[in-house]
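Okay, everyone, thanks for coming. I'd like to walk you through the ligand site in this one, then finish with a quick look at the surface.

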Amino acid sequence: MGALSAEEREDYLPMFLKTMLKATVLNEGFILEVSSWGCCAAMLPPGKKADNPWTLFPAGLPGAVLRLKSTGIKRIMVEHGGAVKRAKKKAFTPKEMSEFWYLFIIGTDPGRQRQGLGGILLEHVKAHARSHGRPLWLEASNNNARGLYAKHGFEEVEEITLGVGLVGPDGLAKHDGEGVKTWGMVWRPDSKK
Ligand SMILES: CC(C)(COP(=O)(O)OP(=O)(O)OC[C@H]1O[C@@H](n2cnc3c(N)ncnc32)[C@H](O)[C@@H]1OP(=O)(O)O)[C@@H](O)C(=O)NCCC(=O)NCCS
């Protein structure tokens, strides 16, 4: 029972991201980029899910999950699904549950971080959501991202700790680890920021 080591994660992540991007497109989502792919993001429209049973196979999700030999990481994925669902129920009214846009991947080229690209992309996403009068949801998976989102008006709904006993704060395998934290965050079209 273990999670991924640094080398295993390095090997696994590109394939997993490719699968998630395919799932985004197959579910009517958007892939956005700024400054010649200096920063890019994936966004799903209201009611659409990357784990939609109809697009699982074309996106290659079963293969991506099967490649995870360890049951530990699968346990973390299940934990994540349940915890995020509870956090969303806390953030949204029943009506809003079918109305929010989900920003589920964002990343800036490591050599171009801290130059405002992530912020430009977030402002674009917010303008889109505002024009439709819809809220945005995301999960910050580290403190740098959390800082960026807070700066752009996202409010924390819940701190979620995953993989206690399996991983450390960096998400890498660690015996008796304290777990990795993520923060469910929401932005609303009437937000001042
Ligand atoms: C999080 C990430 C997308 C930010 O992109 P970016 O283009 O650097 O963001 P910006 O330059 O617009 O914003 C910078 C703000 O983000 C936060 N931030 C980003 N990188 C940071 C760092 N290394 N240390 C501290 N704060 C950081 C700060 O609030 C910062 O504002 P400041 O420079 O005024 O202090 C980028 O760091 C990244 O790709 N990280 C790896 C992937 C990742 O974590 N994705 C998000 C998963 S939820």
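When I say polar contact today, I mean a pair of N or O atoms within 3.5 Å. And keep in mind that this is a predicted model.

So, where does the ligand make such contacts? Start with the backbone. At I106, a polar backbone atom sits 2.8 Å from a nitrogen atom of the ligand. T108 also uses a polar backbone atom, and here the partner is a ligand oxygen at 2.7 Å. Then there's a side chain: N144 puts an N or O atom 3.1 Å from a ligand nitrogen.

How much of the ligand gets covered? On its own, the ligand exposes 900 Å², and 72% of that is buried by the protein.

Which elements build the shell? Those giving two or more residues are strand 3 (101-108), helix 5 (117-131), strand 4 (136-140) and helix 6 (143-151). Helix 6 makes the largest contribution, with 6 residues.

Now the headcount. There are 20 residues around the ligand, and the closest are T108, R114, G119, N142 and K151. You'll recognise T108 from the backbone contact a moment ago. By character, the shell splits into 11 polar, 6 nonpolar and 3 charged residues.

Last thing, the surface. L21, V25, I31 and W37 make a nonpolar patch there, about 380 Å² in area. If you want to find it on screen, V25 is in helix 1, residues 6-26.

That's my bit, so over to you.

How values were computed
Residues are numbered from 1 along each chain as its sequence is written. This is a predicted model: local features need pLDDT of at least 70, side-chain atom pairs count only at pLDDT 80 or more; totals for chains, interfaces and linings use all residues. Side-chain values use heavy atoms; hydrogens and water are left out. A residue is near a molecule or strand if one of its heavy atoms lies within 4 Å of it. A polar contact is a pair of N or O atoms within 3.5 Å; within protein, one must be able to donate a hydrogen and the other to accept it, and residues adjacent in sequence count only if both atoms are side-chain atoms. Accessible areas come from the Shrake-Rupley method with a 1.4 Å probe; for residues, only the protein chains shown count as cover. Helices (H or I, at least four residues) and strands (E, at least two) are DSSP runs, numbered from the N terminus. Ala, Val, Leu, Ile, Met, Phe, Trp, Tyr, Cys and Pro count as nonpolar, Asp, Glu, Lys and Arg as charged, and the others, Gly among them, as polar. Patches are made of residues with over 30% relative accessible area and no salt bridge: like charges are joined within 9 Å, nonpolar side chains (Val, Leu, Ile, Met, Phe, Trp, Tyr) within 5 Å. A salt bridge is a side-chain nitrogen of Lys or Arg within 4 Å of a carboxyl oxygen of Asp or Glu.
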